[in-house]
Amino acid sequence: MEYETFEALYQRACERKGGEQALEAMLGKPKSADELKAIGDDRFLAEFSKKIFQSGFVWRVVEQKWPAFEECFFGFDIDKVLLMPDEMLERKAANPDIIRNFNKVKTIRDNALMIDTVRKQHGSFGHFIAGWPGNNIIGLWEYLKKHGARLGGNTGPYALRFVGKDTFLLSQDVESYLRAHKIIEGGLTSKRNLQAIQQYFNQLAAQSGRSLQELSRIIAFSVGDNITQQ
């Protein structure tokens, strides 16, 4: 299949966003491998937890309550969270200072266990994330979905983006582009479609030398309303 070239995408995005300088200012950069390795395991757990609570909820409210979450869960210290029994989690979930959702609260300990397993194998979760190749980022999404709690769909990818791992996002604008250009058909996250999406991004990366984050945003900015995070 003949896909649209990076140059065509880039030029259209520039035209829609006020020129090259304006577009470049919107793209941002992912963290380097060394920067990812330096992130504490607690910060990965915090970001996973925040995105789980933001899923289906008003992000602004979660942000406002987040200091209380940090205090309530010991700064997301992995060892301390792992020691929390069910009864303590229930009490935490009843705290009016946080969002009272026991099923989501339980994922904090579940994902602490995932991080603990990984750090025992790789030294830290940051080393594990830093070493995962971008040309198979959908494999990392699948790992989080399989081994974590409530990290499927867009939750895991959004958490990775916010923590600084290079990833594309399947926002509405990106999905619309992929469908319009017949790169995918049917269910967005079917195995076949995810592989096709990864292949397309790999091709664009080879053409441009750009990160997945930049490419994702360039695609989004070349179409649609660009209301949400890309």
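Here are three short exercises on helix contacts and a pocket in this predicted model.

**Exercise 1. Describe how helices H2 and H14 meet, and say which residues make the contact.**

*Step 1: find the helices.* H2 covers residues 20-27, and H14 covers residues 212-221.

*Step 2: look at the axes.* They come within 9 Å, and the crossing angle is roughly 125°.

*Step 3: name the arrangement.* Angles of 65 to 115 degrees count as roughly perpendicular and those over 145 as roughly antiparallel. H2 and H14 are therefore oblique to each other. Their crossing is right-handed.

*Step 4: list the contact.* H2 brings Leu23, Met26 and Leu27, while H14 brings Gln213, Glu214, Arg217, Ile218 and Phe221.

*Step 5: sort by class.* In this contact of H2 with H14 you should find 5 nonpolar, 1 polar and 2 charged residues.

**Exercise 2. Helix H10 meets both H11 and H13; work out the angle and the contact residues for each pair.**

*Step 1: begin with H11, residues 155-163.* The axes of H10 and H11 cross at roughly 115° and come within 9 Å. The crossing is right-handed.

*Step 2: pick out the residues.* Leu140, Trp141 and Leu144 of H10 touch Gly156, Pro157 and Leu160 of H11. Sorted by class, this contact of H10 with H11 holds 5 nonpolar residues, 1 polar and no charged ones.

*Step 3: turn to H13.* The axes of H10 and H13 also come within 9 Å, crossing at roughly 140°. That angle makes H10 oblique to H13.

*Step 4: pick out the residues again.* From H10 come Ile137, Ile138 and Trp141, and from H13 come Leu194, Gln195 and Gln198. The contact of H10 with H13 splits into 4 nonpolar, 2 polar and no charged residues.

*Step 5: compare your lists.* Trp141 appears in the contact with H11 and in the contact with H13.

**Exercise 3. Describe the second largest pocket: its volume, its lining and the helices that supply it.**

*Step 1: note the volume.* The second largest pocket has about 270 Å³.

*Step 2: look at the lining.* Its lining has 13 residues, and the closest to the pocket centre are Ile138, Trp141, Glu142, Thr189 and Leu194.

*Step 3: trace the helices.* H10 (137-147) and H13 (191-208) each give at least two lining residues. The largest share, 5 residues, belongs to H10.

*Step 4: sort by class.* The lining consists of 5 nonpolar, 5 polar and 3 charged residues.

*Step 5: link back to Exercise 2.* Ile138, Trp141 and Leu194, listed beside the pocket centre, also take part in the contact of H10 with H13.

Terms used: Residues numbered from 1 in each chain as written. Predicted model: local features only at pLDDT ≥ 70, side-chain atom pairs only at ≥ 80, totals over all residues. Heavy atoms only, no water. 1 Å grid on protein atoms, 1.4 Å probe; cavity = no way out; pocket = protein on both sides within 12 Å on 5 of 7 lines; lining within 4 Å. Points joined across faces, edges and corners; volume = space filled by probe spheres on them. Helix = DSSP H or I, 4+ residues; strand = E, 2+ residues; numbered from the N terminus. Nonpolar A, V, L, I, M, F, W, Y, C, P; charged D, E, K, R; others polar. Axes fitted to C-alpha atoms, helices over the stretch in contact; angles between N-to-C directions. Parallel < 35°, antiparallel > 145°, perpendicular 65-115°, else oblique. Left-handed = near helix turned anticlockwise from the far one by under 90°. Contact = heavy atoms within 4.5 Å.
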